[in-house]
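Please open the model in your viewer and keep the sequence beside it, since this tour moves from one selection to the next. At each stop you will be told what to select and what is there.

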Amino acid sequence: MKEIVRSDVLFVNPCLPTLPKEVVSTPFGLSWISAMLKQEGVSVKMLDMQVEPSFDTLAKILEPSPLMIGIPHLSNFSMGWAGKVVEFIQ
């Protein structure tokens, strides 16, 4: 059985439910930060809820819990969903 290792950092890109799927783009900022942290030996996981807006998936990624969680919100549109993610994590 493979040992499940806790990540140091988890980034969760919140969903924007009103955004059409054709407009969804790669979270390049989070990807860049993740790459830089990995170069320094930090274990990083990322969930893009624009692609998979599932709290079940988030629950699986949270076990075992990471040391730090980053949830960006870039506009008023993402604030509501980012808040839901924070509430779920608490």
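Begin by selecting Ile-33, which is found in helix H1 (residues 28-39); helices here are DSSP runs of H or I with at least four residues, strands are DSSP runs of E with at least two, and both are numbered from the N terminus. At 36% relative accessibility, Ile-33 counts as partly exposed, a class that lies between buried (under 20% relative accessible area) and exposed (over 50%), worked out with a 1.4 Å probe and protein chains only.

Before going further, note that this is a predicted model, in which local features need pLDDT of at least 70 and side-chain atom pairs count only at pLDDT 80 or more, while totals for chains, interfaces and linings use all residues. Residues are numbered from 1 along each chain as its sequence is written, and side-chain values use heavy atoms, with hydrogens and water left out.

Now add Trp-32 and Met-36 to the selection, because together with Ile-33 they make a nonpolar surface patch of about 310 Å², where a patch joins nonpolar side chains (Val, Leu, Ile, Met, Phe, Trp, Tyr) within 5 Å, or like charges within 9 Å, among residues with over 30% relative accessible area and no salt bridge. A salt bridge, in turn, is a side-chain nitrogen of Lys or Arg within 4 Å of a carboxyl oxygen of Asp or Glu. Accessible areas come from the Shrake-Rupley method with a 1.4 Å probe, and for residues only the protein chains shown count as cover.

Zoom out next to the whole protein, whose secondary structure comes to three helices and three strands, following the pattern β-α-β-α-β-α when read along the sequence. Of the 90 residues in the protein, 30% are buried, and the surface that is exposed comes to about 6,300 Å², with carbon and sulfur atoms supplying 61% of it.

Which order do the three strands of the open sheet take? They are arranged as S2-S1-S3, with parallel pairing; two strands are said to pair if DSSP finds at least two bridges between them. Strand S2 (44-48) and strand S3 (68-70) stand at the edges with a single partner strand each, so one side of each is left without a neighbour in the sheet. On average, and with direction ignored, neighbouring strands of this sheet are turned by 15° against each other, the axes being lines fitted to C-alpha atoms, for helices over the stretch in contact, and angles in general running from 0 to 180 degrees between N-to-C directions.

Select S1 (residues 9-13), which runs parallel to S2 and is joined to it by five bridges. Along this pairing, Phe-11 stands opposite Met-46, and Asn-13 stands opposite Asp-48. Towards S3, the pairing of S1 is also in the parallel sense and goes over three bridges, and here Leu-10 stands opposite Ile-69. Are the faces of S1 covered or uncovered? Both are covered, with Val-9, Phe-11 and Asn-13 buried on one side and Leu-10 and Val-12 buried on the other.

Move on to Pro-72, in the loop between S3 and helix H3 (76-89), where this residue is partly exposed with a relative accessible area of 23%. Residues up to four places away in sequence aside, Pro-72 touches Val-12, Asn-13, Pro-14, Leu-30 and Ala-82, contact meaning heavy atoms within 4.5 Å. Pro-72 and Pro-14 are 58 residues apart in sequence, yet their C-alpha atoms are 7.3 Å apart in space.

Helix H3 also holds Phe-88, which counts as partly exposed at 36% relative accessibility. Beyond its neighbours within four places in sequence, Phe-88 is in contact with Phe-55, Leu-58, Ala-59 and Leu-62; from Phe-88 to Ala-59 the C-alpha distance is 8.6 Å, across 29 residues of sequence.

From there, select Thr-57 in helix H2 (residues 55-61), which counts as buried at 17% relative accessibility and touches Leu-47 and Glu-52 when residues up to four places away in sequence are not counted.

Finish at Pro-64, in the loop between H2 and S3, and look at the peptide bond that reaches this residue from Glu-63, which is cis, with omega near -10°.
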